[in-house]
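Q: I should like a formal account of one aspect of this model, namely its surface and what lies beneath it. Please take that single topic and follow it through in one connected answer.

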Amino acid sequence: MFSPEDYASIFNARADAYHEAMGRWPDARDAEFTTLFKDMSVKPGMHVIDVPSGGGYLARYLPDDVSLHHLETSELFARLFEEEAHAGSKHPLTLCELENLPEQDNSTDLACSLAGLHHIEDKTPLFKELFRVLKPGGWARIADAHSESATAAFLDGWMGNHNSMGHHGWYLNEGTLSTLQEIGFTDVTAINEEYHWVFSSEHEAATYCKRLFGIDLANVNEVREGIREHLGFETNANGAIGLRWSLFYISARKP
Ligand SMILES: C[S@@+](CC[C@H](N)C(=O)[O-])C[C@H]1O[C@@H](n2cnc3c(N)ncnc32)[C@H](O)[C@@H]1O
């Protein structure tokens with residue numbers, strides 16, 4: 001069993017399965033990504049960072065003419081990004097540490113962070129870096145599971161119990177908002193957003209989750225049952241299958 005401190009090495013070990021799932025079902029998490037930009041317009045020419053970016057999944061949700069810099073900590077995600085069509089992309093990926101981002105001070109209009117912070121116990125060094133690199137008036141949009149959510153309970157409960165590496169997260173909550181305010185952010189607001197990951201069948205949803213989360217101690221049917229019991233499926237008007245998911249979305253501005 002890995003200790004929580006080993007999450008960086010876990011992602012070096014299982015980024016390939018995560019990346020494959022993201023490539024096979026690129027639209028499944030559309031609502032999760034687009035909610036990052038809710039009530040804001042991302043304008044041409046803006047400088048945007050995505051940290052940690054995984055294999056570079058945010059670009060397809062942004063206008064082509066923004067300058068997007070993917071910042072990632074795992075060498076395997078970086079290699080997978082370079083091997084694909086992204087190679088030579090005008091939206092590059094740089095390997096870095098979260099407490100030492102490669103951007104200049106006051107250089108960034110929008111700093112995004114999606115689904116990567118529950119692996120990090122002390123988020124203050126990263127939040128200070130986001131504050132440093134943002135332009136005055138720039139925004140941070142940060143999303144991960146809330147500590148009291150069904151998402152967090154599923155990840156640390158059923159999912160961790162069916163993953164030989166286990167799972168323990170340090171999730172977001174109201175304390176995260178205080179941390180951001182202490183660093184100097186203003187206009188700090190948050191909402192727990194509920195939406196679906198969308199698939200054509202429950203079997204497909206379970207296959208995706210098995211790959212995305214590295215669930216090696218359950219077969220696809222068992223994963224489907226675990227999702228049914230702990231998260232739930234819903235069928236939309238078009239017959240698509242929605243896996244119920246939620247994240248806590250934080251918006252904060254550098255004055
Ligand atoms: C669930 S992925 C999210 C990737 C992408 N933002 C997305 O939404 O698909 C988690 C990310 O956190 C990074 N990560 C995991 N543990 C970390 C740690 N302890 N320190 C720094 N980065 C970590 C991984 O490399 C990966 O990019």
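How much area does the protein chain expose, and what percentage of it do carbon and sulfur atoms supply?

A: The model is a predicted one. In it, the protein chain exposes about 11,100 Å², and carbon and sulfur atoms supply 49% of that area. The interior can be set beside this figure: of the 255 residues in the protein chain, 54% are buried.

The overall dimensions give the setting. The C-alpha trace spans about 50 × 40 × 40 Å along its principal axes. The radius of gyration is 18 Å, which agrees with the value near 18 Å that a compact globule of 255 residues would have. Within this envelope the protein chain has 8 helices and 8 strands. Contacts reach far along the sequence: of those between residues at least 6 apart, 73% join residues at least 24 apart.

Beneath the surface, the nonpolar residues come first. In soluble globular proteins, nonpolar side chains tend to be buried together. In this model the largest nonpolar core has 55 residues, and those with the most contacts inside it are Phe37, Trp197, Tyr208, Phe213, Leu243 and Trp245. Several elements each supply at least two residues of this core, the helices being helix 1, helix 3 (75-83), helix 5 (150-161), helix 7 (202-212) and helix 8 (220-230), and the strands being strand 4, strand 6 (186-199) and strand 8 (241-253). Another core, of 25 residues, lies apart from it and includes Phe131, Val133, Phe185 and Ile250.

Leu243 gives a view of the surroundings inside the largest core. With neighbours within four places in sequence left aside, Leu243 is in contact with Tyr195, His196, Trp197, Phe199, Ala205, Cys209, Ile227, Leu231, Gly232 and Phe233. One of these partners, Tyr195, lies in strand 6. Tyr195 is buried, with a relative accessible area of 10%. Beyond its neighbours up to four places away in sequence, Tyr195 touches Ala31, Glu32, Leu243, Arg244, Trp245, Ser246, Leu247 and Tyr249. Among these, Leu247 is 52 residues from Tyr195 in sequence, yet the two C-alpha atoms are 8.7 Å apart in space.

Cys209, another contact of Leu243, is buried as well, at 1% relative accessibility. Cys112 is likewise buried, with a relative accessible area of 0%. A disulfide is a covalent bond between the sulfur atoms of two cysteines. Two cysteine sulfur atoms count as such a pair when they are within 2.5 Å, and the count for this model is 0 disulfides. For Cys112 the reason is distance: the closest cysteine sulfur is that of Cys96, 15 Å away, which is too far for a bond.

The charged side chains complete the picture, since a search of the whole structure finds 14 salt bridges, counted where a Lys or Arg nitrogen lies within 4 Å of an Asp or Glu carboxyl oxygen. Three of these pairs are described here, with their exposure.

One salt bridge joins Glu20 and Arg24, whose closest N and O atoms are 3.2 Å apart. Both residues are in helix 1 (residues 7-24), and because they are 4 residues apart, about one helical turn separates them. Arg24 is partly exposed at 48% relative accessibility, and Glu20 is also partly exposed, with a relative accessible area of 30%.

A second pair is formed by Asp30 and Arg60, with an N to O distance of 3.4 Å. Asp30 lies in helix 2 (residues 30-34), whereas Arg60 lies in the loop between strand 1 (47-50) and strand 2 (67-72), so this salt bridge ties together parts that are 30 residues apart in sequence. Asp30 is partly exposed, its relative accessible area being 27%, and Arg60 is partly exposed at 47%.

In a third pair, Asp109 and Lys135 meet with 3.1 Å from N to O. The two residues lie in strand 4 (residues 108-114) and strand 5 (residues 134-144) respectively, so the pair ties together parts that are 26 residues apart in sequence. Asp109 counts as buried because its relative accessible area, 17%, falls under the limit of 20%. Its partner Lys135 is partly exposed, at 31%. Elsewhere, salt bridges that share partners join Glu20, Arg24 and Arg211 into one network.

Note on methods:
Residues are numbered from 1 along each chain as its sequence is written. This is a predicted model: local features need pLDDT of at least 70, side-chain atom pairs count only at pLDDT 80 or more; totals for chains, interfaces and linings use all residues. Side-chain values use heavy atoms; hydrogens and water are left out. Buried means under 20% relative accessible area, exposed over 50%, partly exposed in between (1.4 Å probe, protein chains only). The radius of gyration is taken over C-alpha atoms; the globule rule is 2.2 Å times the number of residues to the power 0.38. Contact means heavy atoms within 4.5 Å. Accessible areas come from the Shrake-Rupley method with a 1.4 Å probe; for residues, only the protein chains shown count as cover. A nonpolar core is a set of buried Ala, Val, Leu, Ile, Met, Phe, Trp, Tyr and Cys residues joined through side-chain atoms within 4.5 Å.
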